[in-house]
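Good morning, colleagues. I should like to take a few minutes to go through one structure with you. Please look at the display as we proceed.

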Amino acid sequence: MSTQHPPVIELRQVGLTYAGPPPVVALRQCNLTIERGEFVTVVGPSGSGKSTFLNIAGLLDTLTHGSYHFDGIDTAALKESERTALRGQRIGFVFQSFHLMPHRTAEENVALGMMYSGVPRADRICRAREALIRVGLAHRMGALSSRLSGGERQRVAIARAVAATPSLLLCDEPTGNLDSASAEAVLALLDELHADGMTIVVITHDQTVAEHGDRTISIRDGALYERAAT
Ligand code: ADP
């Protein structure tokens, strides 16, 4: 069996200029390759282009310059509906503010998250349970998400993001709303998922978070820089 896989993320001379007026160059001449199984953190101060990078990498926004191959697919060639399908099937998102449905249980939140993932309806509850067990929440599956602690909510959000086995787990400030003990638990979970082979990109302004993973990329004024390992 071949073990050759295309990179999950391959940016070549990528730029994004918001039209304005006045036009704003939010990303410029970005080159970046992230291989399968890597855990990469992306750091930068406010206004440096982190959200713009997340939107590009997550197929939420389109570039104005350069090329982006995701999982070997040239994203410029995709119709909007194809980009949406690719995003639903191959990218799991985790946000700072969890984005769970408060009046649904943990299990329902994870199962509903698979609506656009290509997982057949009949398999979704089973997959949701497996994912919740994986994040250590077997005992909280039936709890309404509004009754969960912040750390538990973020673990549900991670379960939802990985339940359909995406190619990429894309996290935006995943510990930004958590106390330090819950933040550590979430980071330990990301480390475990990485050890199991998941490709993870975490966007953060927090240096402690940035120390996780294999590589750190910094963004300054819309440009990406590889940070040397310490
Ligand atoms: P960060 O997430 O690091 O705070 P952003 O990616 O949000 O940075 O922003 C990068 C630059 O692009 C900033 O100068 C910001 O003001 C600008 N920007 C972001 N979104 C838009 C938009 N929709 N229209 C115009 N400029 C924008």
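Glu 173 is buried in this predicted model, because its relative accessible area is 10% and the cut-off for a buried residue is under 20%. Its place is in the loop between β7 and α6. The backbone deserves a look as well: phi of Glu 173 is positive, near 45 degrees, and the residue is not a glycine. Most residues other than glycine have a negative phi.

Two further residues belong under this heading. His 99, also not a glycine, has a positive phi of about 55 degrees. It sits in the loop between β6, residues 91–95, and α3. Is His 99 buried, exposed or partly exposed? At 47% relative accessibility, His 99 counts as partly exposed. The second residue is Leu 59, which follows α1 and has a positive phi near 60 degrees.

While we are on backbone geometry, please turn to the loop between β1 and β2. β1 spans residues 9–18, and Pro 21 lies in the loop that comes between it and β2. The peptide bond from Gly 20 to Pro 21 is cis, with omega near 10 degrees. Pro 22 is located in the loop between β1 and β2 too, and the bond joining Pro 21 to Pro 22 is likewise cis, with omega about -5 degrees. As a general matter, most peptide bonds are trans.

I now come to the ligand. Which residues surround it? They are Tyr 18, Val 24, Ala 26, Pro 45, Ser 46, Gly 47, Ser 48, Gly 49, Lys 50, Ser 51 and Thr 52. By character, this shell divides into four nonpolar residues, six polar ones and one charged. Two elements, β2 (24–34) and α1 (50–57), each contribute at least two residues to the shell. Of the elements, α1 gives the most, with three residues.

As to individual approaches, a polar backbone atom of Gly 47 is 2.6 Å from an oxygen atom of the ligand. For Ser 48, a polar backbone atom stands 3.1 Å from a ligand oxygen. With Ser 51 it is a polar side-chain atom that lies 2.6 Å from an oxygen atom of the ligand. How much of the ligand does the protein bury? Taken alone, the ligand exposes 570 Å², and the protein buries 59% of that.

Let us stay with α1 for a moment. This helix is mostly covered, with six of its eight residues buried. The buried ones are Lys 50, Thr 52, Phe 53, Leu 54, Ile 56 and Ala 57. Lys 50 and Thr 52 appeared a moment ago among the residues around the ligand.

Leu 27, in strand β2, brings us back to this helix from the other side of the sequence. Leu 27 counts as buried because its relative accessible area is 2%, against a cut-off of under 20%. Leaving out residues up to four places away in sequence, Leu 27 touches Val 14, Gly 15, Leu 16, Gly 49, Thr 52, Phe 53, Ile 56 and Gly 222. Leu 27 and Phe 53 are 26 residues apart along the chain, yet their C-alpha atoms are separated by 7.4 Å.

Next, the interior. In soluble globular proteins, nonpolar side chains tend to be buried together. Here the largest nonpolar core has 38 residues, and those with the most contacts inside it are Val 110, Leu 132, Leu 169, Leu 190 and Leu 193. The elements that each supply at least two residues of this core are α3 (106–112), α4 (121–134), α5 (150–162), β7 (168–172), α6 (180–195) and β8 (200–204). Apart from this core lies another, of 28 residues, including Ile 9, Leu 16, Ile 219 and Leu 224. Leu 16 is also one of the residues that Leu 27 touches.

What does Val 110 contact, leaving aside its neighbours within four places in sequence? The list is Ala 128, Ala 131, Leu 132, Val 156, Ala 159, Arg 160 and Ala 163.

My last residue is Arg 215, in strand β9, residues 215–220. Arg 215 has 18% relative accessibility and therefore counts as buried, the cut-off being under 20%. Its side chain is joined to that of Glu 226 by a polar contact of 2.6 Å. Beyond its neighbours within four places in sequence, Arg 215 is in contact with Leu 32, Thr 33, Ile 34, Glu 38, Phe 39, Val 40, Thr 41 and Glu 226.

Thank you for your attention.

Technical notes:
Residues are numbered from 1 along each chain as its sequence is written. This is a predicted model: local features need pLDDT of at least 70, side-chain atom pairs count only at pLDDT 80 or more; totals for chains, interfaces and linings use all residues. Side-chain values use heavy atoms; hydrogens and water are left out. A residue is near a molecule or strand if one of its heavy atoms lies within 4 Å of it. A polar contact is a pair of N or O atoms within 3.5 Å; within protein, one must be able to donate a hydrogen and the other to accept it, and residues adjacent in sequence count only if both atoms are side-chain atoms. Accessible areas come from the Shrake-Rupley method with a 1.4 Å probe; for residues, only the protein chains shown count as cover. Helices (H or I, at least four residues) and strands (E, at least two) are DSSP runs, numbered from the N terminus. Ala, Val, Leu, Ile, Met, Phe, Trp, Tyr, Cys and Pro count as nonpolar, Asp, Glu, Lys and Arg as charged, and the others, Gly among them, as polar. A nonpolar core is a set of buried Ala, Val, Leu, Ile, Met, Phe, Trp, Tyr and Cys residues joined through side-chain atoms within 4.5 Å. Buried means under 20% relative accessible area, exposed over 50%, partly exposed in between (1.4 Å probe, protein chains only). Contact means heavy atoms within 4.5 Å.
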